[in-house]
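Biologist: Got a minute to go through this model with me? I'd like the reasoning behind each label, not just the labels.

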Amino acid sequence: MKLLGIGSRINHDSYGFGVVTNVTAKHYWVTFQKDGLETLDLDEEFEVIEACEDDVDTVSFYDVEKSLREILERFSDVTQIVPLADKYKNGTMVLKPADSNLSVKEIPINTFWHKIVMLRDRLRVMEQKINSSDLDDQAKVDLQQYITRIYGSLTTFNVLFASKEQQFKGSGK
């Protein structure tokens, strides 16, 4: 099956006349005169009115953007967007001292959450810098064990994460 290039014109039984505006590994994005933008499976049936034979890049803009974001997160201090568990969104964290003469401190959970995520991301960057450093293997292992223990100390905050994959993981001991 030869892929259609961007700009190819097609006629679809349900949507009518359209022009291919993007191609991904699985879909054509087609802008139809009547219905606007629709995605069609590459093997879907339709009439090809005019095929553009240009080389087709089967990597979508989304895939490129996702790859670039992963590279930036891995090699820089860019923080990842990590969702807070719904039950805590826009909540308040209250720190109440044992001494009733002292004032209560209230912190928006979103502010606290941002600091936890920054801490986690900076630990990951430190881990990567250690692994790519010129240190000998034993020094790398020693430092990695400290980082693992730090992650373990932070598992208390896992209740705040919306996604289990984002949580802190210690050594499991």
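**Labels and the values behind them**

Modeller: Sure. Let's start with asparagine 90, which sits in the loop between helix H1 (61-75) and strand E6 (92-95). Bear in mind that this is a predicted model.

Biologist: What makes asparagine 90 count as exposed?

Modeller: Its relative accessible area is 67%, and exposed means over 50%, so asparagine 90 qualifies.

Biologist: And what is there to say about phi at asparagine 90?

Modeller: Phi is positive there, about 60 degrees, although the residue is not a glycine. Most residues other than glycine have a negative phi.

Biologist: On to charges. How many salt bridges does the structure hold?

Modeller: There are 2. In one of them the side chains of glutamate 50 and arginine 9 meet, at 3.9 Å from N to O. That pair links distant parts of the chain, with glutamate 50 in strand E5 (residues 47-50) and arginine 9 in strand E1 (residues 9-12), 41 residues apart.

Biologist: Why is the contact between glutamate 50 and arginine 9 called a salt bridge?

Modeller: The cut-off is a side-chain nitrogen of Lys or Arg within 4 Å of a carboxyl oxygen of Asp or Glu. The N to O distance here is 3.9 Å, so the pair passes.

Biologist: Why are glutamate 50 and arginine 9 called partly exposed?

Modeller: Glutamate 50 has 42% relative accessibility and arginine 9 has 33%. Buried needs under 20% and exposed needs over 50%, so values in between are partly exposed.

Biologist: Which side chains meet in a salt bridge at 3.1 Å?

Modeller: Those of arginine 120 and aspartate 121. Both of these residues are buried. In helix H2, the buried residues also include Trp113, Leu123 and Ile130.

Biologist: How do you know that the length of H2 agrees with what is expected?

Modeller: H2 (residues 109-131) has 23 residues, and at 1.5 Å a residue they should span 33 Å. The end C-alpha atoms are 33 Å apart, so the two values agree.

Biologist: Now the rings. How many aromatic pairs are there?

Modeller: The count comes to 2 aromatic pairs. In one, the rings of tyrosine 15 and phenylalanine 32 have centres 5.0 Å apart and planes at 35 degrees.

Biologist: What makes the pair of tyrosine 15 and phenylalanine 32 tilted?

Modeller: Stacked would need planes under 30 degrees apart and edge-to-face over 60. At 35 degrees the pair fits neither, so tilted is the label. Tyrosine 15 is partly exposed at 23%, whereas phenylalanine 32 is buried at 2%.

Biologist: And why is the pair of tyrosine 28 and phenylalanine 46 called edge-to-face?

Modeller: Its planes are 80 degrees apart, with 5.9 Å centre to centre. Edge-to-face needs over 60 degrees, so the label holds. Tyrosine 28 lies in strand E3 and phenylalanine 46 in the loop between strand E4 (36-41) and E5, so the pair ties together parts 18 residues apart in sequence.

Biologist: Why does phenylalanine 46 count as buried?

Modeller: Its relative accessibility is 18%, and buried means under 20%, so phenylalanine 46 makes the cut. Tyrosine 28 is buried too, at 2%.

Biologist: Last one: how do you know that the charged end of arginine 149 sits over the ring of tyrosine 146?

Modeller: The charged end is 5.5 Å from the ring centre, and the distance limit is within 6 Å. The rule also asks for an angle within 35 degrees of the ring normal, and the pair is listed as sitting over the ring.

How values were computed:
Residues numbered from 1 in each chain as written. Predicted model: local features only at pLDDT ≥ 70, side-chain atom pairs only at ≥ 80, totals over all residues. Heavy atoms only, no water. Helix = DSSP H or I, 4+ residues; strand = E, 2+ residues; numbered from the N terminus. Buried < 20%, exposed > 50% of the residue type's maximum accessible area, 1.4 Å probe, protein only. Phe/Tyr/Trp six-rings, centres within 6.5 Å; stacked < 30°, edge-to-face > 60°. Expected span 1.5 Å × (residues − 1).
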